[in-house]
Amino acid sequence: MAATSLLQFSHPLLTCKEGFILASLSPRRQDLLQNLGLEFTVMAAAVDESMHAGEIPALYVQRLAAAKAAAVADHQGGNWVLAADTIVVRDDGVMLGKPRSALEACEMLASLAGRWHTVYTAFTIIHRGRGVSQTSMDQTRVRLMPLSPALIAAYVATGEPMDKAGSYALQGIGGSFIADIHGSPSTVIGLPVHLVVAELMDMGVVEVGCHGA
């Protein structure tokens, strides 16, 4: 597992009391934590993401978040580990992950255009040494504006949709297509920050940072 240390603000909003690892290579999740000023290390978590027979999306995303956290925590027992997983589910129950091709990205966006869908993000906070493991989930309802085939093709050609669940990025160009949203935008981006911060503080993992003059 490759780990990367990230530079932090001189006056962080929050500081970690102990070693803290983000078990995700997602730049979006890293940005969300960096915005808080947290000091953390990034480590990849390789797990089987196959869906179990009969598994519903809400349970699937929670299971994957827990599995990713455990995969890293097994080798980093003295650190707090945070992992997350995000999926998009159409209102007909079809789950959309990351597109495997430009064609699939276009098909996903066409199926979401002008309609509501739900974004589920689950996260797990774990510390092997302390015997702590907590998994939580948030969901946000999103409606995209109607999108013409030409607009979809132009968006996919930018490359932005290719590593995003549902083939769009709220924090990027795709945010221009959001017609309505009910819930936390950060849940759509990949980490429900309001819940993560509350749990980290409740567990004593972080504290309010010191702000100098």
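**Salt bridges, helix α1 and the largest pocket**

Let me begin with Lys 164, which counts as buried, its relative accessibility being 12%. Please keep in mind throughout that what we have on the screen is a predicted model. The side chain of Lys 164 meets that of Asp 163 in a salt bridge, with 2.5 Å from N to O, and Asp 163, at 32% relative accessibility, counts as partly exposed. Arg 28 joins these two residues in a network of salt bridges, and that brings me to the helix in which Arg 28 sits.

Helix α1 covers residues 27-34, and Pro 27 has its place there. Pro 27 is partly exposed, because its relative accessible area of 41% falls between the 20% and 50% limits. If you look for Arg 115, which is 88 residues away from Pro 27 along the chain, you will find the two C-alpha atoms separated by 27 Å. The buried residues of α1 are Arg 28, Arg 29, Gln 30, Leu 32 and Leu 33, and what they pack against is a set of strands and helices, namely β3, β4, β5, α5 and α6.

Now to the largest pocket, whose volume is about 660 Å³. Its lining consists of 32 residues, and those closest to the centre are Arg 29, Lys 68, Asp 85, Thr 86 and Lys 98. Helix α1 is one of the elements that supply at least two lining residues each, together with α2, β5 and α5, while the largest share, five residues, comes from β5. By character, the lining divides into 18 nonpolar, eight charged and six polar residues.

Two of the residues closest to the centre of the pocket, Asp 85 and Lys 68, also form a salt bridge with each other, at 2.6 Å from N to O. Asp 85 belongs to strand β5 and Lys 68 to helix α2, so this pair ties together parts that are 17 residues apart in sequence. Both partners count as buried, with a relative accessibility of 5% for Asp 85 and 10% for Lys 68.

Let me finish with one further pair from the ten salt bridges that the structure holds. Glu 18 pairs with Arg 130, and their closest N and O atoms are 3.0 Å apart. This pair links distant parts of the chain, 112 residues apart, since Glu 18 lies in the loop between β2 and β3, and Arg 130 in the loop between β7 and β8. Glu 18 itself counts as partly exposed, at 29% relative accessibility.

Key
Residues numbered from 1 in each chain as written. Predicted model: local features only at pLDDT ≥ 70, side-chain atom pairs only at ≥ 80, totals over all residues. Heavy atoms only, no water. Helix = DSSP H or I, 4+ residues; strand = E, 2+ residues; numbered from the N terminus. Buried < 20%, exposed > 50% of the residue type's maximum accessible area, 1.4 Å probe, protein only. Contact = heavy atoms within 4.5 Å. 1 Å grid on protein atoms, 1.4 Å probe; cavity = no way out; pocket = protein on both sides within 12 Å on 5 of 7 lines; lining within 4 Å. Points joined across faces, edges and corners; volume = space filled by probe spheres on them. Nonpolar A, V, L, I, M, F, W, Y, C, P; charged D, E, K, R; others polar. Salt bridge = Lys/Arg side-chain N within 4 Å of Asp/Glu carboxyl O.
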